[in-house]
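Open the model in your viewer and keep the selection tool at hand. This short tour goes from hidden spaces to a spot on the surface.

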Amino acid sequence: MIYLSFVQGRLSKKIGSKFQYFPINNWQNEMPIARKIGFKHIEWIISDYNNPIFNKIFQNQILQVLKENKISISSIGLDFLMREPLFKIHNDDLEWILLNLKNILKRFKAKRVNIPIEENSRLSNHFDYKIVKKRLHKIIKILGGNTKISIESDLSLKNLDHLLSIKKLKKLGILLDIGNIKADGFSIEDYISKFAKRIYGIHVKKRGVFFKKSEKINKPYHELRYVINNISKLTNLNDITLQSFRSNSSYINELNLVYKIVKKEIEKINLKI
């Protein structure tokens with residue numbers, strides 16, 4: 001089964017100047033809105049070490065809110081690694097995260113964990129690459145039993161292929177952001193042709209070439225249609241998650257529209273979600 005999800009925070013006002021951050025003052029209120037739209041799944045994001053999902057008492061509250069709204073966590077995004085890259089994070093901090101995540105994954109039954117290796121956390125030298133390679137292996141060893149471990153990267157296709165070809169990382173997969181790859185100058189066709197079986201998650205977003213910002217989605221577009229029409233090739237896909245443009249005031253209506261657009265495209269191929 002493929003989950004149709006949304007990224008946490010897309011149904012809340014921004015946290016200060018941050019476009020995507022855990023909505024600490026509104027996360028509970030997102031759930032009934034999401035369910036009304038039609039969502040049954042959410043990508044839970046961890047923006048810092050104070051996320052309530054790390055606390056066992058708050059875990060009970062989260063589980064209750066999820067249950068009341070018939071929503072489950074389809075994936076967990078380790079967004080804090082954008083500011084504290086995998087090649088820089090202190091080993092003790094990584095150990096703490098992994099120990100807690102192991103219990104969280106067991107309790108919430110989330111099927112995918114994503115690690116960002118892009119923008120501020122991108123790989124730009126061989127020394128950092130060697131650290132990341134070693135730590136990815138460690139993460140897969142600890143968390144990768146029943147959970148798919150994915151990376152979102154802006155690596156060249158050649159370097160990405162090299163990373164995925166490493167024997168110790170044979171369980172590692174990709175979170176494919178169909179907006180970001182176009183903005184970075186890559187084609188959706190090349191990604192699916194080369195990495196179909198290693199794509200574990202899809203982020204739905206629309207951007208233009210040469211690093212254009214996220215754009216409103218008012219109708220289906222090439223990358224979205226191409227992914228949906230080739231979904232049968234993505235045999236290990238866990239989720240299609242909406243991470244689309246959000247304004248400061250109409251974010252609920254905007255996500256609702258994108259949900260309808262994506263769901264309609266999915267229904268055309270009779271895909272069960």
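A cavity here is a set of grid points where a 1.4 Å probe fits but cannot get out, and its lining residues have an atom within 4 Å of a point. Strands are DSSP runs of at least two residues, numbered from the N terminus. Keep in mind that this is a predicted model.

**Stop one: the largest cavity.** Select β6 (172-177). β6 gives the most to the lining of the largest cavity: four residues. Now add β5 (148-153) and α6 (180-183), which also give two or more residues each. The space they help to line has a volume of about 90 Å³.

Which residues lie nearest the centre of this cavity? Pick out Glu152, Ser153, Leu175, Ile181 and Tyr191. They belong to a lining of 13 residues. Colour that lining by class: seven are nonpolar, two polar and four charged.

**Stop two: the second largest cavity.** How many cavities of 30 Å³ or more are there? The count is two. The second largest holds about 40 Å³ of space. Select Gly9, Ser12, Lys13, Lys14, Ile15, Lys18, Phe19, Gln20, Tyr21, Pro23 and Arg246 to show its lining. By class, this lining has four nonpolar, three polar and four charged residues.

**Stop three: the surface.** Go to the loop between β7 (199-204) and α8 (222-229), where you will find Val209. Add Phe210 and Phe211 to the selection: with Val209 they form a nonpolar patch on the surface. Together the three have about 380 Å² of accessible area.

Note on methods. Residues are numbered from 1 along each chain as its sequence is written. This is a predicted model: local features need pLDDT of at least 70, side-chain atom pairs count only at pLDDT 80 or more; totals for chains, interfaces and linings use all residues. Side-chain values use heavy atoms; hydrogens and water are left out. Patches are made of residues with over 30% relative accessible area and no salt bridge: like charges are joined within 9 Å, nonpolar side chains (Val, Leu, Ile, Met, Phe, Trp, Tyr) within 5 Å. Accessible areas come from the Shrake-Rupley method with a 1.4 Å probe; for residues, only the protein chains shown count as cover. A salt bridge is a side-chain nitrogen of Lys or Arg within 4 Å of a carboxyl oxygen of Asp or Glu. On a 1 Å grid over the protein atoms alone, a cavity is a set of points where a 1.4 Å probe fits but cannot get out, and a pocket is an open set with protein on both sides within 12 Å along at least five of seven lines; lining residues have an atom within 4 Å of a point. Grid points are joined across faces, edges and corners, and a volume is the space filled by probe spheres set on the points. Ala, Val, Leu, Ile, Met, Phe, Trp, Tyr, Cys and Pro count as nonpolar, Asp, Glu, Lys and Arg as charged, and the others, Gly among them, as polar.
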